[in-house]
Each structure stands twice: as structure tokens, then as C-alpha cells.
Amino acid sequence: MSEESNPFDIAQGQLKKVIKILNLDKSVYDCLGNPHLELTVNFPVKMDDGTVRIFRGYRVEYNNSRGPYKGGIRYHPDVTMDEVRALAAWMTWKTAVVGLPFGGAKGGVVCNPKELSKNELERLTRRFTAELSIIIGPEKDIPAPDMYTNPQTMAWIMDTYSMNKGYSVLGVVTGKPLELGGSLGRFEATGRGCMLCAREALKKLNYKVIPPEIWQKNGYKGMEDESCKDQGTGFRIDGATVALQGFGNVGAIAAKLLQQKGAKIIAVSDSRSGIAKKDGLNIFEVIEHKTKTGYVKDFEGTDEITPEAILEFDCDILIPAALENQITKNNAEEIKARIIVEGANGPTTPEADSILFDKEVMVIPDILANSGGVIVSYFEWVQSLQSFFWSERDVNCKLRDRILSAFHEVYQTSKDYGVDMRTGAYILAVNKVTEAIKIRGIFP
Ligand code: NAD
């Protein structure tokens, strides 16, 4: 694996760069550059045909200076320890940059969930939870869904952990089904965060945004943000054009919410192909088409484009919301968007970052742009601990306040240091974690 595509090398490179800018000494890098705990387990699962298969699972607890470890669990054939390490590091910076009282962690099981039955997935999840039970817990390490895990997976984890305790422990995971202490607003949270970041970036770049007092008078009734009408959240962005790579939980929801704000979604793609329409797609209809057929391909009245071409599409806002390492030194020069909102984790390589900075493209980094999910996970954890549940409006307003204040802090830091927003976000996050370590001191 080349240095550019090994995610842990990338994560460490980003950290080293910031340590240098902040003039912190080597002991800080030694402290922040290494995960605290790494667990690898090879565990047996009974398959439906009576055979037994051994699966490999990982959990990396990166840093807990600011609070319990927090991070998802993914099921994927390509999961590696380095990937999990990198994702755990990014979770540490993500929770810090948006001011959550959490550290960072991540987990994964090497498996192809598409080839497993529901019963096999349940047995795999319950056994993996039992293996993790020595390190997870509502005050210690709180998993959540990630690629190919979902609310049902979280319900199995919660139930298995609770069976061993002898009582229900809702706070041990987030991303749970609503019936089991999940939070309203969690499903849309990451896409909503992307939409809010995209709109704020447009304001910073002096795009024409329309305040609510104007557009409400002009008869856009019913188009306002249904759950947060106060504090200028109703700003519309009519005419801004958007292209999205990835049309899943993050991409499709960001597209829907941006369209509701007046943006024109002119191209979207999924793993099979891309579709484009100059006048703008009707995202509700595209979602319906994808739900029926499984793909965006062949949606009526659109031109087909390759999944790769989407990144170079002529638009104001590009949202990579699929995979890592998509914007590289090979295509960064061809990017036409003025704003990139990183819905996915790690879609831009460091070399691409510096090309984009020179081109004055505003990149809203993943640790800020896709933090909506972990912000609402935090709200879910708080609700679960208190057994007191909030309205969707409360959740959405609190999400908006937290992500926008982080956006402005990151923006200002990037201006103060003359760096891109990713570096600005890392400066803030590394400072917060370093401060926490200093104040706590080293035990004993
Ligand atoms: P998802 O599985 O719901 O959707 C992924 C989408 O990407 C699918 O539409 C898939 O078809 C598409 N895709 C896969 N390969 C592609 C390719 N080569 N080209 C174009 N599209 C391709 O996943 P998701 O939850 O939307 O997550 C997407 C990204 O966002 C991941 O990097 C994930 O780690 C990150 N993320 C998700 C959340 C969340 O709350 N869901 C939070 C933070 C970060």
C-alpha cells in the first residue's frame, strides 16, 4: 500500500503537520500519534449449515483524555487494523473539534455481510460483543453503526451487553432503533450537518443567500426548515449547484435537504454509475427510483456519466459521500467546484489537499462536515443515560448550533494561521486534546 493510500499514514501525517505548526514537542506527538489500546480477536461463529467459521474483529481505543471512547463498528471484507486505527484517530479529532466530551475509537469485523444470513449476522454480532465486553460500556467505550452495520446491529449489541449485566444498559451504544432509546433526528443527522456546512460555506464565499424575512414574503411558504425556523436557519441558497458522489445515507439526505433549501442538484452517482441533469434533478423522485431499482442509473430524463466524472463536474458544491481516497493528485486539478463538503471519511488525499488549497477551493474537512452523526449520537447517549427523550426539533436545533459554531471556529482558525480548513480543524482538535492531557497530568 503506498503512503498516500494507507489511511493510518495519512492520519499520522496530518497530525505531524499540525504538531509542527503549533511547535509542540515530540512527546506530544508520541502521546497523540499512538492508539492507547488495540484489541484483535479471532472468534468462532456457528453458521446456518452447522459448520463453524472463525472471524477476525478489531477495536481500537485511540484516546480518552476528553471522555469515553466513541466510534462505530464496520463489517466489511477489506477491514484492516490500519484502517481501524486511522478511523479511531479521526474520531478523536472529530469529537474534539465539535466539542463533545468524548475520545475516539473504531471497530470492525472482517466479513462480507452480504453473504451472511440475518441469523448468522446476529450470532456474529453477539459473539463479537461478548469479546468486546471487557472494554466497552456506557462510561468507557460507546460503539455506533458504520459501514454495513445498522440500528438492528446496535440493538443486538445492547441486548447482549445488558444480558451480561442483568439490566438494560441503553447507553452502551448509539444509533439504536427508536423503540430502544434511539434519538429522533439521528437518521438524517450526518446529511443535515453536510447541508448546514455547505450553506455556511456559500455565505462565507459571498454567494447570494436569501434570508428568511425576504423569501417568506415572496411566497416560498412550506419550504422553510421544518424544524428550526429561528436564528436565520431558514437562509435559502437558490441557484447554487451541487454534485454528489454516493447516494446512501449521507449523500441522499444531504441532497434532499439542500434541494429543500433551493439548491439545484445537477449530478449524483452511486457504485454503478452517475446521472446528470442540467436543470436539476428532483431528488425525491431519484430516491424513489433508487429504492425501487437499487441504483440511480436509468432515471428518466438524465444523461449517464461515469462515477469518476462526477468529481470533475462543473458545479458550486461537490459532496464526496462514498469512499476514501477519491480526490487525489490525479484529479484534483480537474475539480471545478468552489466548495467541497466531505461527507465521507478521508475522501481527499494530502497531495490533493495542497492542490485544492492553491486553487482556492474551500474544503470542509470530514471531521467537521460529517460530524452531524456523532453530534446526534452524543445527544442520544445523553437521552439514554437520563431516560428522557427530546423532540426532533430540539435535536435538530442543538445539532445546528453545535456544528455551526464549530464551523466558525474552524474557519477563523484557518484564517488566523493562513492554512486550509482541514489544518484549521486539526489545530483546534489537537489543542483541545493536548490541553486535556496537560490538565489531567500523567498517572501516577
Ligand atoms: P451508505 O452505504 O448508506 O452509502 C454509500 C453510497 O456510496 C452508496 O450509494 C454506494 O452505492 C455509493 N458508492 C459506493 N462505491 C461508490 C463508488 N465507487 N462511486 C460512487 N458511489 C459509490 O453509506 P453512508 O452511511 O452514506 O456513508 C458514506 C460515507 O460517509 C462513508 O465514508 C462513511 O464512513 C461516512 N460517514 C457516514 C456517517 C453516517 O452517519 N452514515 C457519518 C460519518 C461519516
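**View 1. The open sheet of 7 strands in the predicted model.** The strands follow the order β9-β8-β7-β6-β10-β11-β12, and their pairing is mixed. At the edges stand β9 (303-305) and β12 (362-364), each of which pairs on one side only. From one strand to the next, the twist averages 20°.

**View 2. The pairing of strands β10 and β11.** Strand β10 comprises residues 317-320 and strand β11 residues 339-341. The two strands run parallel and are joined by 2 bridges. Within this pair, L318 is positioned opposite I340 of β11. In general, strands of a sheet pair through backbone hydrogen bonds, in either a parallel or an antiparallel manner.

**View 3. The surroundings of D353 in helix α10.** Helix α10 spans residues 350-358 and includes D353. The relative accessibility of D353 is 9%, so this residue counts as buried, the cut-off being under 20%. When neighbours within four places in sequence are set aside, the contacts of D353 are T348, V363, D420 and R422.

**View 4. The residues around the ligand.** The ligand is surrounded by 21 residues, of which T190, F247, N249, V250 and N345 are the closest.

**View 5. Polar contacts of the ligand with D270, S271 and N345.** A backbone N or O atom of D270 is 3.4 Å from a nitrogen atom of the ligand. For S271, a backbone N or O atom lies 3.1 Å from a ligand oxygen atom. N345 contributes a polar side-chain atom, placed 3.1 Å from an oxygen atom of the ligand. Of the 830 Å² of accessible area that the ligand has on its own, the protein covers 76%.

Terms used: Residues are numbered from 1 along each chain as its sequence is written. This is a predicted model: local features need pLDDT of at least 70, side-chain atom pairs count only at pLDDT 80 or more; totals for chains, interfaces and linings use all residues. Side-chain values use heavy atoms; hydrogens and water are left out. Two strands pair if DSSP finds at least two bridges between them. Helices (H or I, at least four residues) and strands (E, at least two) are DSSP runs, numbered from the N terminus. Axes are lines fitted to C-alpha atoms, for helices over the stretch in contact, and angles run from 0 to 180 degrees between N-to-C directions. Buried means under 20% relative accessible area, exposed over 50%, partly exposed in between (1.4 Å probe, protein chains only). Contact means heavy atoms within 4.5 Å. A residue is near a molecule or strand if one of its heavy atoms lies within 4 Å of it. A polar contact is a pair of N or O atoms within 3.5 Å; within protein, one must be able to donate a hydrogen and the other to accept it, and residues adjacent in sequence count only if both atoms are side-chain atoms. Accessible areas come from the Shrake-Rupley method with a 1.4 Å probe; for residues, only the protein chains shown count as cover.
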